[in-house]
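Me: Could you take a close look at the empty space inside this one for me? I'd like a connected walk through it rather than a list.

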Amino acid sequence: MNGLLCYCRQGFEPDLAAELSERAANAGFHGYAKTERNSGYVTYVCEDAAALSRSVRYHDIVFARQKLELFAELKDLNPTDRVTPMLELIAGRGRFGDILVEHPDSDEGKPLSGLARAFTNALRPALRKRGLLSDKEDARLPRLHVFFLAGTHALLASSDPKDSSPFPLGVPRLRAQANAPSRSALKLDEALMIFMSDEERAKILKPGMHAADLGAAPGGWSWILTKHGLHVSSIDNGPMSETAMATGLINHIRADGFQWQPPRKLEWMVCDMVESPRKVAHRMAEWFANGWCKHAIFNLKLPMKKRWEETRLCLDEFEQQSGKALHMHAKQLYHDREEITVFATVI
Ligand SMILES: C[S@@+](CC[C@H](N)C(=O)[O-])C[C@H]1O[C@@H](n2cnc3c(N)ncnc32)[C@H](O)[C@@H]1O
């Protein structure tokens with residue numbers, strides 16, 4: 001079985017399948033998406049999986065938490081020896097720099113986490129003995145993924161460390177900060193971690209910079225920005241939490257986020273307003289077209305059925321209407337529910 005194996009948030013399989021089908025077709029590949037609702041993953045079956053994987057980059061796939069090159073499926077595994085048949089399929093594919101034994105992040109998949117942990121300990125020495133795994137973790141070599149769908153059923157895949165998520169299951173581990181004004185704070189925390197490297201972050205997110213937060217209440221996102229030393233104009237008719245206001249860096253302005261204009265140009269704008277995604281995308285484009293900010297992180301809420309189609313439309317319109325050369329990165333983050341997060345920065 002050859003193709004791509006991508007992980008996603010449970011329930012978003014049709015969106016990821018639609019996105020993969022479109023991206024593969026645009027890159028000139030013939031294949032088909034295979035998925036089951038609520039499974040937490042999608043496979044895209046295609047003869048030339050390696051070439052497809054090089055053409056469809058992890059960075060670009062909005063609904064994928066992880067992207068792997070699928071190379072084998074094992075059914076009817078014998079629970080007393082799952083290792084031997086796997087070794088046969090893994091041999092001949094070169095040396096791997098690390099292994100990850102995983103399972104779908106779904107109701108059905110989560111109970112397999114114990115097996116995944118135990119199996120890692122069984123497989124690792126067996127791979128090393130055959131020279132199929134480096135002695136120490138080596139990020140220059142591909143990673144091997146064993147993806148258990150059941151105790152007797154597994155998929156084998158590989159990932160390029162430069163073109164995949166570095167996290168097991170594609171899920172970054174972030175600790176909620178005890179005094180954060182809202183759980184939403186985690187979304188911006190994750191966005192700042194995923195969308196830029198440490199060096200990029202140090203360059204564009206500096207103490208003393210100014211930001212606007214549209215739809216700020218109760219203040220989780222504003223609070224995260226103050227943690228980086230930014231001054232924030234927090235726009236919302238709703239109340240801000242005391243924790244946020246106690247930072248002394250927040251100016252709460254009771255106004256409509258679709259009308260308010262900054263009195264001077266700002267470095268940053270973030271937006272978490274619950275509104276139709278197209279309306280938000282147009283407003284975000286207006287900010288860039290007017291040069292009101294250089295960098296933005298915004299959420300697009302997707303309560304509709306055809307979420308990939310809506311996403312593509314919103315991102316295209318945003319890019320066209322912004323009238324600027326932008327670097328854009330859109331992802332459904334782990335902490336995003338029925339929504340995606342977009343990072344845009346003027347080149
Ligand atoms: C999901 S909450 C934001 C949570 C916030 N990011 C945090 O971390 O605490 C959405 C907010 O958008 C605000 N909102 C919705 N429409 C708005 C508008 N037109 N102008 C300003 N705020 C708006 C709501 O009042 C609500 O407080």
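Reply: The largest cavity holds about 80 Å³ of space. Keep in mind that this is a predicted model. The cavity has a lining of 13 residues, and the ones nearest its centre are Y58, G170, E190, I194 and K331. By class, that lining splits into seven nonpolar, three polar and three charged residues.

Now for where those residues come from. The protein chain is divided into domain 1, covering 3-170, and domain 2, covering 185-346. Each of these two domains gives at least three residues to the lining of the largest cavity. As for how the domains sit relative to each other, their C-alpha centres are 33 Å apart. In the contact between them, domain 1 takes part with 18 residues and domain 2 with 21 residues.

What else is there by way of enclosed space? Rolling a probe the size of a water molecule over the atoms is what shows where empty space is left. With a threshold of 30 Å³ or more, the count is two cavities. The second largest cavity has about 50 Å³ of space. Lining this second largest cavity are Y7, C8, G40, R65, H103, P104, D105, F147 and L169. Sorted by class, they come out as five nonpolar, two polar and two charged.

The ligand is worth a look too, so you can set its surroundings beside those cavity linings. There are 17 residues around the ligand, and G220, D236, D256, G257 and D272 come nearest. That shell is made up of eight nonpolar, six polar and three charged residues.

Down at the level of atoms, a few backbone contacts stand out for a closer look. A polar backbone atom of G220 is 2.9 Å from an oxygen atom of the ligand, so G220 turns up here as well as among the nearest residues. For W221, a backbone N or O atom is 3.1 Å from a ligand oxygen. P218 also has a polar backbone atom facing a ligand oxygen, at 3.4 Å. On its own the ligand has 600 Å² of accessible area, and the protein covers 77% of that.

Note on methods
Residues numbered from 1 in each chain as written. Predicted model: local features only at pLDDT ≥ 70, side-chain atom pairs only at ≥ 80, totals over all residues. Heavy atoms only, no water. 1 Å grid on protein atoms, 1.4 Å probe; cavity = no way out; pocket = protein on both sides within 12 Å on 5 of 7 lines; lining within 4 Å. Points joined across faces, edges and corners; volume = space filled by probe spheres on them. Nonpolar A, V, L, I, M, F, W, Y, C, P; charged D, E, K, R; others polar. Domains from an automatic or database assignment. Near = heavy atom within 4 Å. Polar contact = N/O pair within 3.5 Å; in protein donor to acceptor, adjacent residues only side chain to side chain. Areas by Shrake-Rupley, 256 points an atom, 1.4 Å probe, with all protein chains shown as cover. Contact = heavy atoms within 4.5 Å.
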